[in-house]
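Trainee: Let's go through this fold together. I'll ask, you reason it out.

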Amino acid sequence: MTRLLSAQGLIQAVLRRTNLLMAGKRVAIVGDAPPGLATRLRAMGAHPGSSVEEADLVFGEGVQPAALKPGAVVVGSVRCGVLGVTQARQDVLRVNLGGGDADVYVVSVPC
């Protein structure tokens with residue numbers, strides 16, 4: 001995860017690219033994250049501290065896609081070994097995990 005973006009800048013970049021609302025989302029933070037990210041997410045109504053397996057939104061690098069629930073959004077990168085990658089919208093990739101609706105979404109944010 002990049003240290004050049006502030007927590008608020010990272011959240012705003014994700015919201016612009018995905019059109020998501022943070023309220024009620026279960027969020028997992030994996031590895032290196034900007035200081036204050038969990039606090040900002042909590043202020044927007046999200047629930048940080050979830051495990052990767054149950055999270056709606058995951059901030060982190062090198063996340064194993066098979067561990068994610070279908071429909072999850074990853075901010076960062078996922079490990080290789082996925083079946084299909086297509087572009088869902090600008091700066092958002094749809095990663096097919098091979099099982100019908102088993103897709104996760106990967107959002108790229110500026111460094």
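Trainee: How many bridges join β3 to β4?

Mentor: This is a predicted model. The two strands run parallel. One bridge sets G60 against its partner G76 in β4. The number of bridges joining β3 to β4 is 5.

Trainee: Which residue in β3 is the bridge partner of V27?

Mentor: Start with the strands. β1 covers residues 26-29, and β3 covers residues 57-63. They pair in the parallel sense over 3 bridges. The partner of V27 is L57.

Trainee: Which residue in β7 stands opposite V75?

Mentor: Look at β4 and β7. They pair in the parallel sense, over 3 bridges. Opposite V75 stands V107.

Trainee: Which are the edge strands?

Mentor: Take the whole sheet. It is open, has 7 strands and shows mixed pairing. The order is β2-β1-β3-β4-β7-β6-β5. An edge strand pairs on one side only, which leaves β2 (47-48) and β5 (84-89).

Trainee: At what angle does helix α1 run to β4?

Mentor: Helix α1 spans residues 7-18. It lies across β3, β4, β5, β6 and β7. Its angle to β4 is about 110 degrees.

Trainee: Which element gives the most to the largest nonpolar core?

Mentor: That core has 20 residues, and L37, L41, F59 and V109 have the most contacts inside it. The elements giving two or more residues are α1, α2, β3 and β4. With 6 residues, the top contributor is α1.

Trainee: How many residues are in the second, separate core?

Mentor: Its members include V52 and A55. V58 and V63 are also among them. The count is 11 residues.

Key
Residues numbered from 1 in each chain as written. Predicted model: local features only at pLDDT ≥ 70, side-chain atom pairs only at ≥ 80, totals over all residues. Heavy atoms only, no water. Pairing = 2+ DSSP bridges. Helix = DSSP H or I, 4+ residues; strand = E, 2+ residues; numbered from the N terminus. Contact = heavy atoms within 4.5 Å. Axes fitted to C-alpha atoms, helices over the stretch in contact; angles between N-to-C directions. Core = buried A, V, L, I, M, F, W, Y, C linked by side-chain atoms within 4.5 Å. Buried < 20%, exposed > 50% of the residue type's maximum accessible area, 1.4 Å probe, protein only.
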